[in-house]
Amino acid sequence: MSKARPQVFISYRRSDTEHLAGRVADRLRTVEGIDEVFIDVDGIAPGEEFETKIVSALDDCSVCLLLIGQHWLGQDSDRDAARIFDDRDFIHLETRAALASGRKVLPVLADGALMPTKEDLPEDLHQLPRINGISIRHLHFNKDVESLIDSILSRKVTIVEKPLSMLGSLLRILGGGCMAAVALIIAGIIHNIVTDGRSLDESFGGVAQVWLLIFGILTLGALAPFFVRWFGKR
């Protein structure tokens with residue numbers, strides 16, 4: 001039996017993330033693996049009762065996105081408490097229904113917004129801060145929305161490591177060689193001190209052997225960053 005395609009409900013506060021909600025909805029509707037996207041401005045026909053339609057849509061969905069911006073709580077200067085504490089607040093109603101449904105709930109933090117704390121929320125929404133959220137930033141919308149789609153579809157994200165560019169490889173070689181050269185200089189100084197000034201060719205059996213040793217150490221130093229990178233991936 002083929003796996004049912006997800007139906008997505010987008011919950012948002014109009015004064016907070018209205019434009020982002022529309023942009024996300026438009027993008028999700030182009031995704032082949034998503035069956036349906038519900039957003040109130042498109043999903044409620046004239047004459048339909050708003051609250052009844054919202055509850056019905058939540059019942060039908062398999063994934064609920066909670067778009068949380070800087071003003072998601074509904075703070076008003078002329079109110080003692082944020083609107084999220086009002087049982088009649090639609091964001092309170094939608095969030096409570098989504099959390100109680102047992103369906104997948106994805107908090108989507110917009111442009112640097114922080115996850116509300118338990119102290120910011122009424123008691124029936126205290127489960128929300130325990131859910132791992134995902135960020136969407138205006139400047140990185142395409143990249144971030146792809147991560148959101150992966151989460152909706154429960155796709156595992158495979159990170160493909162890009163091969164080093166020629167410049168990157170050259171810089172690694174130079175860096176490793178420089179480190180090896182510094183190590184040789186330090187070793188030479190220590191050799192001078194320990195042997196009371198005896199030359200390297202005397203210690204190692206000839207000039208050719210000394211140059212071979214120096215070349216070998218520099219080569220190993222130049223290749224060392226690549227060995228470290230290779231072993232780090234194993």
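In the predicted model, helix α5 comprises the 12 residues 141-152, and because each residue should add 1.5 Å, a span of 16 Å is expected, which agrees with the 16 Å that separates the C-alpha atoms at the two ends of the helix. The buried residues of α5 are Phe141, Asp144, Val145, Leu148, Ile149, Asp150 and Ile152. An α-helix has 3.6 residues a turn, so residues three or four places apart point the same way. The buried residues of α5 pack against three strands that precede the helix in the numbering, β1 (7-11), β3 (63-68) and β4 (104-110), as well as against β5 (134-136) and helix α1 (14-28). After α5 comes Ser154, whose phi is positive, near 55°.

Two packed helices are described by the angle between their axes and the distance between the axes. For α1 and α5 the angle is about 60° and the axes lie 11 Å apart, and the crossing of these two helices is right-handed. On the α1 side, the residues that take part in this contact are Leu20, Arg23, Val24, Arg27 and Leu28, and they meet Phe141, Val145, Glu146, Leu148, Ile149 and Ile152 of α5.

Several of these residues reappear in the nonpolar interior. The largest nonpolar core has 26 residues, and those with the most contacts inside it are Val8, Ile10, Val24, Leu28, Leu65, Leu148 and Ile152. To this core β1, α1, β3, β4, β5 and α5 each supply at least two residues. A second core, separate from the one just described, has 23 residues, including Leu66, Ile68, Leu125 and Leu128. In soluble globular proteins, nonpolar side chains tend to be buried together. Within the largest core, Ile10 may serve as an example: when neighbours within four places in sequence are left aside, Ile10 is in contact with Ala21, Val24, Ala25, Leu28, Val37, Phe38, Leu65 and Leu67.

Helix α4, which covers residues 90-101, contains His92, and Thr95 is found in α4 as well. His92 counts as buried because its relative accessible area is 1%, a value under the 20% limit that defines a buried residue. Apart from residues up to four places away in sequence, His92 touches Ile84, Phe85, Asp86, Asp87, Pro122, Asp124 and Leu125. Of these partners, Pro122 lies 30 residues from His92 along the chain, yet the two C-alpha atoms are separated by 8.7 Å. Thr95 is likewise buried, with a relative accessible area of 0%, and its contacts beyond four places in sequence are with Leu66, Trp72, Leu125 and Leu128. Among these contacts of Thr95, the residues Leu66, Leu125 and Leu128 belong to the second core.

A further residue with a positive phi is Asp111, which is not a glycine and whose phi is near 45°. Asp111 is found in the loop between β4 and β5, and at 44% relative accessibility this residue counts as partly exposed.

Taken as a whole, the protein has eight helices and five strands, and from the N terminus on its elements run β-α-β-α-α-β-α-β-β-α-α-α-α. Of its 234 residues, 33% count as buried, while the accessible surface comes to about 15,000 Å², of which 59% belongs to carbon and sulfur atoms. Among contacts between residues at least 6 apart in sequence, 72% join residues that are at least 24 apart.

Methods:
Residues numbered from 1 in each chain as written. Predicted model: local features only at pLDDT ≥ 70, side-chain atom pairs only at ≥ 80, totals over all residues. Heavy atoms only, no water. Helix = DSSP H or I, 4+ residues; strand = E, 2+ residues; numbered from the N terminus. Expected span 1.5 Å × (residues − 1). Buried < 20%, exposed > 50% of the residue type's maximum accessible area, 1.4 Å probe, protein only. Contact = heavy atoms within 4.5 Å. Core = buried A, V, L, I, M, F, W, Y, C linked by side-chain atoms within 4.5 Å. Areas by Shrake-Rupley, 256 points an atom, 1.4 Å probe, with all protein chains shown as cover. Axes fitted to C-alpha atoms, helices over the stretch in contact; angles between N-to-C directions. Left-handed = near helix turned anticlockwise from the far one by under 90°.
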